[in-house]
Amino acid sequence: MSNAPTLLLAEDDATLADALSAQLRRSGFEVEHAPNGAVAEYLLLKQPFDLAILDLGLPMVDGLTVLQRARAARCTIPVLVLTALDSLDDRVAGLNAGADDYLTKPFDFPELEARLHALLRRSRPAPAGTELGRLSFDRDTRRATVSGEALELSPREWSLLELLLSQRDRVVTKDQIAQAWAGDGGEGGGTSSIEVYIHRLRRKLENSGLAIRTVRGLGYLLEAEPARP
Ligand code: CA
């Protein structure tokens with residue numbers, strides 16, 4: 001199995017799409033091309049890509065609609081939106097619809113490439129098994145232990161810990177937490193209960209050698225505590 005990141009390129013301009021596909025492949029991406037919004041939507045929902053480049057001006061189904069439908073269907077991959085020059089409204093709409101970044105046409109390939117790599121770095125999940133401090137976290141068996149003792153975690157606490165671990169040393173915002181929870185259904189409470197869950201998780205992690213730091217106005221950060229003397 002190849003480790004090349006897979007990318008969906010939704011672009012109806014055939015010349016641009018061909019040139020981009022060739023450059024992206026040379027940069028190590030496995031590229032699938034969608035020439036219109038209907039194909040883009042179909043492929044996004046059918047296949048797990050690592051990321052997508054989505055032109056907003058697409059025939060059949062416009063890019064914004066594709067993005068909204070994909071997000072509604074819990075497609076969480078990073079999406080970089082391509083917009084025409086001077087269409088600020090498009091950019092704002094794109095970001096509101098769940099785009100992670102945008103680029104205005106025309107653009108330079110190195111800039112596109114740099115942004116794609118940044119998106120990949122941000123979205124890369126923690127490995128299935130994570131050992132950090134005295135915490136051991138196994139995504140496959142959904143089992144977490146501290147110094148060998150099982151941690152009892154509710155689904156929301158589990159999602160929260162998983163998110164914090166996957167973004168270790170980076171701030172996790174309340175929006176990201178709410179999004180992760182939206183995938184779980186049930187439990188209720190919404191964003192207002194985030195502080196409650198953070199508090200509970202902190203208590204459960206008390207002897208793990210890990211600390212959840214509050215970054216005022218931004219969110220939370222999982223850090224390893226300095227080793228005790
Ligand atoms: Ca277009």
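This is a short walk through one predicted model, going from the chain as a whole to its calcium site, its hairpins and the sheet in its second domain.

Let me begin with the overall picture, and please keep in mind throughout that we are looking at a prediction. The chain has 229 residues, of which 42% count as buried, and its secondary structure comes to eight helices and 12 strands. If you take the principal axes as your frame, the C-alpha atoms fill a box of roughly 60 × 35 × 30 Å. Among the contacts with a separation of 6 or more, 54% are made by residues that stand 24 or more positions apart in the chain. The chain is divided into two domains, with domain 1 covering 6-123 and domain 2 covering 153-224, and the C-alpha centres of domain 1 and domain 2 lie 29 Å apart.

Now to the metal, which will probably interest this group. Which protein atoms are the donors of the calcium ion? They are an OD atom of Asp12, an OD atom of Asp55 and the O atom of Gly57, and they lie 2.1 to 2.3 Å from the ion. Along the chain these donors follow the spacing D-x42-D-x1-G. The pair of Asp12 and Gly57 links distant parts of the chain, 45 residues apart: Asp12 sits in the loop between strand E1 (6-10) and helix H1 (14-26), while Gly57 sits in the loop between strand E3 (51-55) and helix H3 (63-72). Are these two residues buried or exposed? Neither label applies, because partly exposed is the class between under 20% and over 50% relative accessible area: Asp12 has 34% relative accessibility and so counts as partly exposed, and Gly57, with a relative accessible area of 47%, is partly exposed as well.

Moving along the chain, we come to two hairpins that have strand E8 in common. Strand E7 (residues 135-138) and strand E8 (residues 143-146) run antiparallel and are joined by four bridges, with Asp138 having Arg143 in E8 as its bridge partner. Four residues lie between the strands of this hairpin, and Arg142 takes a positive phi near 50°. E8 then pairs with strand E9 (residues 149-150), again in the antiparallel sense, over two bridges, and here Val146 stands opposite Glu149 in E9. The hairpin of E8 and E9 has two residues between its strands, and Ser147 in the turn shows a positive phi of about 50°.

That brings us to the sheet I would like to finish on. What is the order of its three strands? The order is E10-E12-E11, in an open sheet with antiparallel pairing, and the edge strands, each pairing on one side only, are E10 (172-173) and E11 (210-215). E11 and strand E12 (residues 219-224) pair over six bridges in the antiparallel sense, and Leu210 stands opposite Ala224 in E12.

Lying across E10, E11 and E12 is helix H6 (residues 155-166), which runs at about 70° to E12. H6 has 12 residues and reaches 16 Å from its first C-alpha to its last, close to the 16 Å expected at 1.5 Å a residue. How many of the residues of H6 are buried? The count is 10 of 12, so that under the 20% cut-off the helix is mostly covered. The buried residues of H6 include Trp158, Leu160, Leu161, Leu163, Leu164 and Leu165, and also Arg156 and Glu157.

Note on methods:
Residues are numbered from 1 along each chain as its sequence is written. This is a predicted model: local features need pLDDT of at least 70, side-chain atom pairs count only at pLDDT 80 or more; totals for chains, interfaces and linings use all residues. Side-chain values use heavy atoms; hydrogens and water are left out. Two strands pair if DSSP finds at least two bridges between them. Contact means heavy atoms within 4.5 Å. Axes are lines fitted to C-alpha atoms, for helices over the stretch in contact, and angles run from 0 to 180 degrees between N-to-C directions. Domain bounds come from an automatic or database domain assignment. Donors are N, O and S atoms within 2.8 Å of the metal (3.2 Å for Na, K and Ca); water is not among the atoms, so sites may look incomplete. Buried means under 20% relative accessible area, exposed over 50%, partly exposed in between (1.4 Å probe, protein chains only). The expected span of a helix is 1.5 Å times one less than its number of residues.
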